[in-house]
Amino acid sequence: MGVIYVLLTISIIVALVFFIAFILSVRNGQYDDVYTPSVRMLFDDEVVQETTKKEDPLVTPKTKQS
């Protein structure tokens with residue numbers, strides 16, 4: 001039963017440390033990004049180049065039968 005109290009205490013301490021780190025990073029502007037949202041719309045429709053399939057040397061092409 002004592003192990004449960006120790007694990008709960010450690011998990012609460014770890015959670016508090018991560019919460020404090022998150023609050024500090026928000027206050028320091030870590031998540032403030034004013035440039036990307038204004039430029040994001042320019043890069044949404046990037047041209048996707050089609051890759052050409054190389055012929056497999058192991059597969060023989062089908063010949064036309066006449």
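Start by selecting Ile12, Leu16, Phe19, Ile20, Phe22, Ile23, Leu24, Val26 and Tyr31, which together make a nonpolar surface patch of about 880 Å². Bear in mind throughout that the model is predicted.

Next, colour by secondary structure. The chain has 2 helices and 0 strands. Phe19, one of the patch residues, lies in helix α1, which covers residues 2-27. Put a distance between the end C-alpha atoms of α1: they are 38 Å apart, and since 26 residues at 1.5 Å each should span 38 Å, the two values agree. An α-helix has 3.6 residues a turn, so residues three or four places apart point the same way.

Now show the side chains of Phe22 and Tyr31, both members of the patch. How many aromatic pairs does a search of the whole structure find? The search finds 1. The ring centres of Phe22 and Tyr31 are 5.9 Å apart with the planes at 45°; this angle falls between the 30 and 60 degree limits, so the pair is tilted. Phe22 has 42% relative accessibility and therefore counts as partly exposed. Tyr31, at a relative accessible area of 56%, is exposed.

Move to Ser25, also in helix α1. Is Ser25 buried or exposed? Its relative accessibility is 17%, so Ser25 counts as buried, the cut-off being under 20%. Leaving aside residues up to four places away in sequence, Ser25 touches Gln30 and Tyr31. Tyr31 is thus a residue to keep on screen, because its ring also pairs with that of Phe22.

Then select Gly29, just after α1. Gly29 takes a positive phi of about 85°.

Finally, show the surface of the whole chain. About 7,400 Å² is exposed, and carbon and sulfur atoms supply 64% of that area. Of the 66 residues in the chain, buried ones make up 3%; Ser25 is one of the residues that count as buried.

Definitions and conventions
Residues numbered from 1 in each chain as written. Predicted model: local features only at pLDDT ≥ 70, side-chain atom pairs only at ≥ 80, totals over all residues. Heavy atoms only, no water. Phe/Tyr/Trp six-rings, centres within 6.5 Å; stacked < 30°, edge-to-face > 60°. Buried < 20%, exposed > 50% of the residue type's maximum accessible area, 1.4 Å probe, protein only. Helix = DSSP H or I, 4+ residues; strand = E, 2+ residues; numbered from the N terminus. Areas by Shrake-Rupley, 256 points an atom, 1.4 Å probe, with all protein chains shown as cover. Patch = residues over 30% accessible without salt bridge, like charges linked within 9 Å, V, L, I, M, F, W, Y side chains within 5 Å. Salt bridge = Lys/Arg side-chain N within 4 Å of Asp/Glu carboxyl O. Expected span 1.5 Å × (residues − 1). Contact = heavy atoms within 4.5 Å.
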